[in-house]
Amino acid sequence: SVFVVLGANLDLLRNELRDKPVSIIENEGWQEGMASSIRCAVEKIAGTILRPDSIIFMVCDQPYVSSSLLLSLIAKKQETNLPIIASSYEDKSGTPALFHRSMFPALMELTGDKGARKLIADNPEKVATVSFPEGIKDIDTKEDYEKLVS
C-alpha cells in the first residue's frame, strides 16, 4: 500500500493525486516540519487494518529512487533482521528508510523538522544501510529541477 502525507498545498496536491492508486493522509500540523508528517503517517498507517510489520519512508524530492532500491531495503531487512534499514549516500544515512514496527514508538516521539535522521544516527547498532549514491541529489528549487532535466 502507498500512503502520501500531505500538508501544505493539500488541495492542489490532492487534485494531482486524484487518479493515482494511493491513500492520502492529511497532516494538519505540517508547519512543525517533517517529524509531524512521520508521526501522522505512523499513527494512521499503524492503526489501519493492515497492521504493517514495517513502513518505508520516502520524500518526494529524490528523483533517483527506484523500485529496485525499495526492494533492496526489504531484502536487507530480511538479511539482517535489524529494525532500521536506511539508504546511504556520501557520509549520510537517510531516506528512503525502512522502520520495523518496534521503532514506531520512537518515531512517534520525533519533533521538529529533522525527520528520522536523528533516530538513525542515535541507534547505529540497530541500523543497516543500502548504498544509494544518487540519494544525495534532490530537487528543492526550480533551478535544481532545470539542472536535472538538462
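## Loops with positive phi

Where in the chain does N9 lie? In this predicted model, N9 belongs to the loop that runs between β1 and α1 (10–16). Its phi is near 60°, a positive value in a residue other than glycine. N9 is also exposed, because its relative accessible area is 56% and the cut-off for that class is over 50%.

E90 is worth viewing alongside it. E90 sits in the loop between β4 and β5 and has a positive phi of about 50°, although it is not a glycine. With 65% relative accessibility, E90 counts as exposed. You can add N81 to your list of backbone angles too: N81 comes just after α3 and takes a positive phi of about 60°.

## The four-stranded sheet

In what order do the four strands of the open sheet come? Reading across, the order is β3-β5-β4-β6, and the pairing is mixed. The edges are β3 (54–57) and β6 (127–131), each of which pairs on one side only. On average, neighbouring strands of this sheet are turned by 30° against each other, direction ignored.

Let's look at the β3 edge. Strand β3 is joined to β5 (residues 92–100) by four bridges, and the two run antiparallel. S54 stands opposite H100 in β5, while I55 has F99 of β5 as its bridge partner. In a regular strand the side chains alternate between the two faces of the sheet. Strand β3 shows this alternation: I55 and F57 point to one face and are buried, whereas S54 and I56 point to the other face and are not.

## S87 and the cis peptide bond

Is S87 buried or exposed? S87, which has its place in strand β4 (residues 84–89), counts as buried because its relative accessibility is 0%, and buried means under 20%. Leaving aside neighbours within four places in sequence, S87 is in contact with L69, L73, K92, S93, G94, T95, P96, V130 and F132.

One of these contacts deserves a closer look: a polar atom of the S87 side chain lies 2.7 Å from the backbone oxygen of P96. P96 has its place in strand β5, and a cis peptide bond joins T95 and P96, with omega of about -10°. T95 and P96 are both among the residues that S87 contacts.

## Helix α3 against the sheet

Helix α3 (residues 67–80) has 14 residues, so at 1.5 Å a residue it should span 20 Å; the end C-alpha atoms are 20 Å apart, which agrees. Which residues of α3 are buried? They are L69, L73 and K77. Seen down the axis of α3, the buried residues fall within an arc of 90°, so they line one face of the helix.

The buried residues of α3 pack against β3, β4, β5 and β6, the strands that form the open sheet. L69 and L73 also appear among the contacts of S87. On the face of α3 turned away from the buried side you will find the exposed residues S67, L71, Q78 and E79.

## Helix α2 and its surroundings

Helix α2 (residues 34–46) passes the length check as well: its 13 residues should span 18 Å at 1.5 Å a residue, and its end C-alpha atoms are 18 Å apart, which agrees. The buried residues in α2 are A35, S36, I38, R39, C40, A41, V42 and I45. What do the buried residues of α2 pack against? They pack against β1 (3–6), β2 (23–26), β3 and α4 (104–108).

## E32 and a long-range contact

E32 is found in the loop between β2 and α2. It is partly exposed, with a relative accessible area of 33%. Which residues does E32 contact, leaving aside its neighbours within four places in sequence? They are R39, L110, T111, G112 and D113; R39 is one of the buried residues of α2.

The side chain of E32 reaches the backbone nitrogen of G112 at 2.8 Å. E32 and D113 are 81 residues apart along the chain, yet their C-alpha atoms are separated by 6.6 Å.

Conventions. Residues are numbered from 1 along each chain as its sequence is written. This is a predicted model: local features need pLDDT of at least 70, side-chain atom pairs count only at pLDDT 80 or more; totals for chains, interfaces and linings use all residues. Side-chain values use heavy atoms; hydrogens and water are left out. Two strands pair if DSSP finds at least two bridges between them. Axes are lines fitted to C-alpha atoms, for helices over the stretch in contact, and angles run from 0 to 180 degrees between N-to-C directions. Buried means under 20% relative accessible area, exposed over 50%, partly exposed in between (1.4 Å probe, protein chains only). A polar contact is a pair of N or O atoms within 3.5 Å; within protein, one must be able to donate a hydrogen and the other to accept it, and residues adjacent in sequence count only if both atoms are side-chain atoms. Contact means heavy atoms within 4.5 Å. The expected span of a helix is 1.5 Å times one less than its number of residues. The arc is that of the directions from the helix axis to the C-beta atoms.
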